[in-house]
Every structure is written in structure tokens, then in C-alpha cells.
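Good morning, colleagues. Please take a moment with the sequence and the model before I begin.

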Amino acid sequence: MVASAEDSSHAVLVWPRTIRLLHWALAGCVIASFVTHEGGGRVHEWTGYCALLIALVRCFIGLRRSQGRHATEPDDVIAFSNFVRGPRATWQYLQTVLARRELRFIGHNPLGGWMIVLLLADVILTGFTGWLYTTDRFWGYAWLGNLHNLLGHAFVPLVALHLAGVAYASWRHRENLPAAMLHGRKRKL
């Protein structure tokens, strides 16, 4: 049985409010920017700029040092160093996933950590190339427009992998990860 979000004796705060707000705001901005990429004009630009800003703020937060492995207070920050593992640890974790023997993590598992890095990098690169394309120096350069479109469309398989990973981990560990990203709590290890 999974502990409810309110049952603090069986649950721990994993994702603080700030991280959850950034997560959902980024998701909304990326979706809005993607669906308006053909003829969306200012809406596409401004939702793209908002996504870029949110991703940069999340990177700033992620690069700060954190004391613990996960959040302890609602507005604590989560540093990348707490959940992005090295290549060897990530490869070993992937092997355990394929063998269906993976450990449950209170925060992000090694594959999830790298997915965050990839998603944030794609948002930043897409936003940066989109901004460059609007400058006098790079206006109308086909290669830049093509790169921007390629990076924007790379989001589709990345988000699909992200959602598949969330669904798989939710099923394997019998916990509702989307709900945890709303209220911030997961059951203790």
C-alpha cells in the first residue's frame, strides 16, 4: 500500500514546491511553444523565452550545492549532484532495469537524472537558437532555423521517453509519480 501524501510518518518530501512549480511551468511553456511553432508568432516566441528562462533558473538551482539527498523543507532546492550519476552507475542501473531488478530511489533514479539533463539542455539550446534567429546578425540563416526546428522536434522523443520512464517506474514501484510531482511526497525507502 502506498502512503498518502498527507501521512508524513510514511512519506518524505522529495520535490519542493519551487521545483514542482518550475517543472509544471516548463512543461506548459514547452507544450505551448511547440503547438504554436507554425504561425504562432509572438505566442511561440514568448512561450519559448519563458521556457528558456525557467530552464536557466532550474539549472542555476541545480548547480547549487545541497546538504541532503532530497528536499527537507518545502522550498529547499535539489542540486544536480544529488541525482545525476556517472556513466558507470547509470549503465549499471540500466542493466538492473533490463533485468527487472532495479532499486527504488527516493528521488530521481540515474536514468531519470540524465533525462532531466537532456530535457533542460534541449530547452536551453532550442530557446537560444530561437533567440539568435531573431537577431540582426543571424536573421534568415537557414542553418540556424533548421537547427532550431531540429532541437524543438527532438523534444517529442525525449518527452515520450520521459513519460515512459515515469509510467514504468510508477508501475514497478507501485507509486504514482505524477501525483508525487504535484504534492512533492513519496513513501519512505
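I shall go from the overall fold to the helical core, then to the surface, and finally to a network of charged residues.

This is a predicted model, in which local features need pLDDT of at least 70 and side-chain atom pairs count only at pLDDT 80 or more, while totals for chains, interfaces and linings use all residues. Residues are numbered from 1 along each chain as its sequence is written, and side-chain values use heavy atoms, with hydrogens and water left out.

Let me start with the overall picture. The chain has six helices and two strands; here helices are DSSP runs of H or I with at least four residues, strands are runs of E with at least two, and both are numbered from the N terminus. Along the sequence the order is β-α-α-α-α-α-α-β. Of the 189 residues, 38% count as buried, where buried means under 20% relative accessible area, exposed over 50%, and partly exposed in between, with a 1.4 Å probe and protein chains only. The accessible surface amounts to about 11500 Å², and 67% of that surface belongs to carbon and sulfur atoms; such areas come from the Shrake-Rupley method with a 1.4 Å probe, and for residues only the protein chains shown count as cover. Contact means heavy atoms within 4.5 Å. Among contacts between residues at least 6 apart in sequence, 67% join residues at least 24 apart.

I turn now to helix α2. Helix α2 covers residues 41-63, 23 residues in all, and reaches 33 Å from its first C-alpha to its last, close to the 33 Å expected at 1.5 Å a residue. That expected span is 1.5 Å times one less than the number of residues. Which elements cover the buried residues of α2? The cover includes α1 (17-35), α4 (110-134) and α5 (142-173). The buried residues of α2 include H44, T47, A51, A55, R58 and C59.

This leads to the interior. In soluble globular proteins, nonpolar side chains tend to be buried together. A nonpolar core is here a set of buried Ala, Val, Leu, Ile, Met, Phe, Trp, Tyr and Cys residues joined through side-chain atoms within 4.5 Å. The largest such core has 28 residues, of which W15, L26, V30, A51, F80, L120 and V123 touch the most other members. Two or more residues of this core come from each of α1, α2, α4, α5 and α6 (177-183). Leaving aside neighbours within four places in sequence, L120 is in contact with L26, A55, R58, C59 and F80.

On the surface, Y141, W143, L147 and L150 make a nonpolar patch of about 430 Å². Patches consist of residues with over 30% relative accessible area and no salt bridge, like charges being joined within 9 Å and nonpolar side chains within 5 Å, the latter being Val, Leu, Ile, Met, Phe, Trp and Tyr. W143 lies in helix α5, as does L161. L161 is exposed, at 55% relative accessible area.

Two backbone positions merit attention. Most residues other than glycine have a negative phi. R100, in the loop between α3 (87-98) and α4, has a positive phi near 60 degrees. R174, in the loop between α5 and α6, has a positive phi of about 50 degrees. R100 is partly exposed at 49% relative accessibility, and R174 is exposed at 68%.

Finally, the charged residues. A salt bridge is a side-chain nitrogen of Lys or Arg within 4 Å of a carboxyl oxygen of Asp or Glu; by this rule there are five. Which residue forms a salt bridge with R104? The partner is E175, with the closest N and O atoms 2.9 Å apart. This pair links distant parts of the chain, 71 residues apart, with E175 in the loop between α5 and α6 and R104 in the loop between α3 and α4. E175 is buried at 8% relative accessibility, and R104 is buried at 15%.

E175 also pairs with K186, the closest N and O atoms being 3.6 Å apart. K186 lies in strand β2 (residues 185-187), so this salt bridge ties together parts eleven residues apart in sequence. E175 forms a further salt bridge with R187, again with closest N and O atoms 3.6 Å apart. R187 is partly exposed, with a relative accessible area of 23%. Through shared partners, R104, E175, K186 and R187 are joined into one network.
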